[in-house]
Amino acid sequence: MAKSSSLNVRVVEGRALPAKDVSGSSDPYCLVKVDDQVVARTATVWRSLSPFWGEEYTVHLPLDFHHLAFYVLDEDTVGHDDVIGKISLSKEAIVADPRGIDSWINLSRVDPDAEVQGEVRLAVQMLEDGRGRCLRCHVLQARDLAPRDLSGTSDPFARVFWGSQSQETSTIKKTRFPHWNEVLELRELPGGPAPLRVELWDWDMVGKNDFLGMVEFSPQVLQQKPPNGWFRLLPFPSAEEDSGGGLGALRLKVRLTEDRVLPSRSYEPLRALLLEALRGPVEEDTTSPLAVLEQVTLGDCRQDLATKLVKLFLGRGLAGPFLDYLTRREVARTTDPNTLFRSNSLATKSMEQFMKLVGMRYLHEVLKPVISRVFEEKKYVELDPCKMDLGRTRRISFKGAPSEEQVREHSLGLLTGYLGPIMDAIVGSVGRCPPAMRRVFKQLYLRVEERFPQQEHQDVKYLAISGFLFLRLFAPAILTPKLFDLRDQHADPQTRRSLLLLAKAVQSIGNLGQQLGQGKELWMAPLHPFLLQSISRVRDFLDQLVDVGGDEEAGGAARALAPPSAVLREGYLLQRKEEAGLATRFAFRKRYFRLSGEGLSCAKGPEWQVRSCTPLAHIRAVERVDEGAFQLPHVMQVVTQDGAGAPHTTYLQCKNVNELNQWLSALRKASAPNQDKLATCHPGAFRGGRWTCCLQAERSAEGCSRTHSAITLGDWSDPLDPDAETQTVYRQLLLGRDQLRMKLLEDPSLDAGLEADLGKGSSATHEPSPEVLARQRETAARLLEVLADLDRAHEEFQWQGQRKAAPGLPAP
């Protein structure tokens with residue numbers, strides 16, 4: 001049984017941050033760390049004390065992580081970035097509320113003595129002889145200590161305290177992975193039992209030593225079970241200093257999901273019920289798993305569940321029938337066509353996630369050229385007289401300062417100059433739109449046309465499709481390109497305004513001009529002729545889009561979102577092979593890498609012939625490399641083993657920490673099935689006859705740091721995992737189990753109420769016929785039985801795990 005842990009993190013926004021620049025503002029960004037390892041970096045929001053990021057990350061990580069931290073920094077083009085503050089959340093604080101954390105949290109000051117990390121390995125013995133009791137503390141080694149020196153390393157030594165006595169190990173220079181292997185003995189003095197405390201320090205020639213962390217053991221632990229193993233370093237006990245809002249605050253959303261995924265056979269009955277629901281009449285469907293899920297899932301959980309459901313049915317080749325089922329439910333209970341798909345229902349969220357899973361490459365092909373042009377040109381664009389700043393505009397005419405009319409005309413020309421290529425790319429993209437998306441849109445078109453056939457509703461079938469494609473995909477991607485991977489950075493304020501106006505225009509076109517000339521934004525009127533001209537082109541485009549034949553395959557085994565030969569990630573990286581010379585910076589050469597389901601290939605450029613290709617099956621570890629190894633940041637290593645069993649290491653440097661994390665994640669996921677992965681590795685490099693990390697002199701020495709193959713980033717391109725996806729569905733269904741039990745009881749008064757709840761949005765409820773009621777009860781009983789079987793399976797596997805740890809444990 002596999003265990004999985006997923007951390008969903010959304011860095012929403014900040015407020016009241018302190019100004020760090022002479023301009024009276026800041027350029028804030030946020031680092032997200034899990035157990036002191038950076039897993040994500042938000043983009044910088046320029047010139048803002050109340051930044052909006054809206055960036056979301058899913059981190060798959062081991063179950064034994066300890067804490068999550070957010071650091072807010074001010075980016076500086078010269079010198080080091082200024083640290084503004086931090087927020088630290090323990091695992092216990094995150095899991096305290098099953099719904100997770102969703103609140104504003106004040107930033108705290110960053111205390112260097114509290115910024116400890118790493119582990120220490122100890123073996124302690126309590127001995128007695130003729131002179132009394134003796135404590136023997138074997139200080140073996142430490143790993144992943146915090147760097148305290150400018151070189152990116154430390155000079156660590158250990159200090160052991162027992163009662164009023166203390167002893168020190170020797171100091172090991174320039175390493176974060178020291179090997180002491182020293183035994184320190186301390187005699188018990190009168191005064192009773194005392195705790196053992198081991199402190200690690202960085203030795204400094206000038207000034208005071210820097211604290212690296214500590215561990216402490218009570219007298220009871222020393223007597224009953226003396227410590228022997230690796231122990232996580234902790235800061236000195238002290239309350240975290242809350243600035244009281246003086247450093248500002250962050251709005252965060254954090255949710256931890258811990259699951260035990262059962263063997264695939266355990267989920268087959270639930271999957272069979274889910275598939276069966278697709279074939280039933282939606283009007284009578286109030287107790288199937290999909291109907292219950294629609295009722296009990298709210299908020300952020302609905303988006304996550306929609307993603308899992310879409311992937312589950314996509315793997316069966318049934319994404320189309322699944323979305324058609326939800327569409328039929330939504331359409332059947334909608335009486336006013338103006339409200340169709342306007343809420344965040346399960347149907348709406350599932351369609352959104354389907355478009356991201358299947359159509360992200362299509363979105364990039366359509367929008368990326370124009371979005372890149374807007375970012376590069378940085379033109380001043382404004383149509384609203386209330387927002388025009390004539391002092392900031394560039395000279396439009398040589399006759400003096402521009403007037404409002406001149407700015408408006410110039411902005412109108414720029415906007416149409418951007419909108420024209422965008423609309424040309426969209427209406428000309430029928431052949432590039434994924435066939436699966438086109439088939440889903442065709443079903444949507446036909447269902448809406450069937451529900452609203454009246455002449456006055458002839459545009460509703462177009463609005464249903466454009467509402468998803470334009471209003472929930474194209475327009476949001478234009479407004480926030482960073483969140484759709486169209487750009488690496490957020491836009492500056494001027495470019496952000498241009499993107500907002502473009503997104504408004506595309507949204508108006510997607511609404512087929514229904515709200516033109518209405519509302520408060522009458523200053524958009526100069527754009528109306530262009531928008532009206534584009535609307536007829538959009539109708540023709542949608543007619544062509546749904547003119548597609550064929551259906552999705554009726555079933556089949558789960559499959560990946562892309563074939564094995566598809567490119568999972570590509571781009572330029574700086575490469576250095578292990579066998580290169582002693583030169584550091586110049587040994588790295590720029591190469592173009594492609595990662596596919598077959599291997600990692602390398603060439604001089606995108607169009608060049610492949611010079612080398614490493615099969616995925618040869619990869620044994622993919623890890624970060626310390627900056628001190630080559631005096632370079634953002635370096636990773638790919639450790640491989642060839643057919644003869646010989647190990648090889650390739651070092652790759654990325655542009656920034658985000659690119660580093662994305663490559664690490666992609667390589668780890670692609671090589672996940674590999675056997676014989678390394679449990680430890682060296683985060684340094686073997687140079688000058690020793691490892692730069694732990695200073696060991698043998699190239700073949702055992703690694704001094706744990707590997708992190710379980711830590712990956714979740715994204716739209718993740719491979720399908722039907723068992724993990726069904727486990728998520730099971731967990732969500734448990735929330736509706738009590739209501740199903742009530743329905744199964746012989747209380748007819750409960751039926752109408754539950755049916756009304758499960759079918760929110762319908763125009764009216766009616767008393768079901770005895771035949772329908774019997775089918776509903778039968779379906780509810782089957783679902784409860786399936787959930788009970790899964791409960792028992794989880795209990796059995798949990799007992800088996802406990803039995804391994806404690807043989808002789810009685811069966812549940």
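Is the crossing of α6 and α7 left-handed or right-handed? Keep that in mind, everyone, and we'll get there in a moment. One thing to say up front: what we have on screen is a predicted model.

Let's start with the sheet. Here we have an open sheet of 4 strands, and the order across it is β3-β2-β5-β6, with antiparallel pairing. At the edges sit β3, residues 37-41, and β6, residues 82-90, and each of these pairs on one side only. If you look at how neighbouring strands of this sheet lie, they are turned by 25° against each other on average, direction ignored. As a reminder for the newer people, strands of a sheet pair through backbone hydrogen bonds, either parallel or antiparallel.

Now zoom in on one pair. Strand β5 covers residues 67-74, and its antiparallel pairing with β6 runs over 8 bridges. To find your way along that pair, look for alanine 69: its bridge partner in β6 is serine 88.

Next, the two helices. Helix α6 spans residues 319-332 and helix α7 spans residues 346-377; their axes come within 9 Å and cross at roughly 150°. Angles over 145 degrees count as roughly antiparallel, so α6 is roughly antiparallel to α7. And back to my opening question: the crossing of α6 and α7 is left-handed.

Who makes the contact? From α6 we have Ala319, Phe322, Leu323, Leu326 and Glu330. From α7, the residues are Leu346, Ala347, Thr348, Ser350, Met351 and Phe354. Sorted by class, the contact of α6 with α7 has 8 nonpolar, 2 polar and 1 charged residues.

That's my tour, thanks for listening!

Note on methods:
Residues are numbered from 1 along each chain as its sequence is written. This is a predicted model: local features need pLDDT of at least 70, side-chain atom pairs count only at pLDDT 80 or more; totals for chains, interfaces and linings use all residues. Side-chain values use heavy atoms; hydrogens and water are left out. Two strands pair if DSSP finds at least two bridges between them. Axes are lines fitted to C-alpha atoms, for helices over the stretch in contact, and angles run from 0 to 180 degrees between N-to-C directions. Angles under 35 degrees count as roughly parallel, over 145 as roughly antiparallel, 65 to 115 as roughly perpendicular and the rest as oblique. A crossing is left-handed if the near helix is turned anticlockwise from the far one by less than a right angle, and right-handed if clockwise. Contact means heavy atoms within 4.5 Å. Ala, Val, Leu, Ile, Met, Phe, Trp, Tyr, Cys and Pro count as nonpolar, Asp, Glu, Lys and Arg as charged, and the others, Gly among them, as polar.
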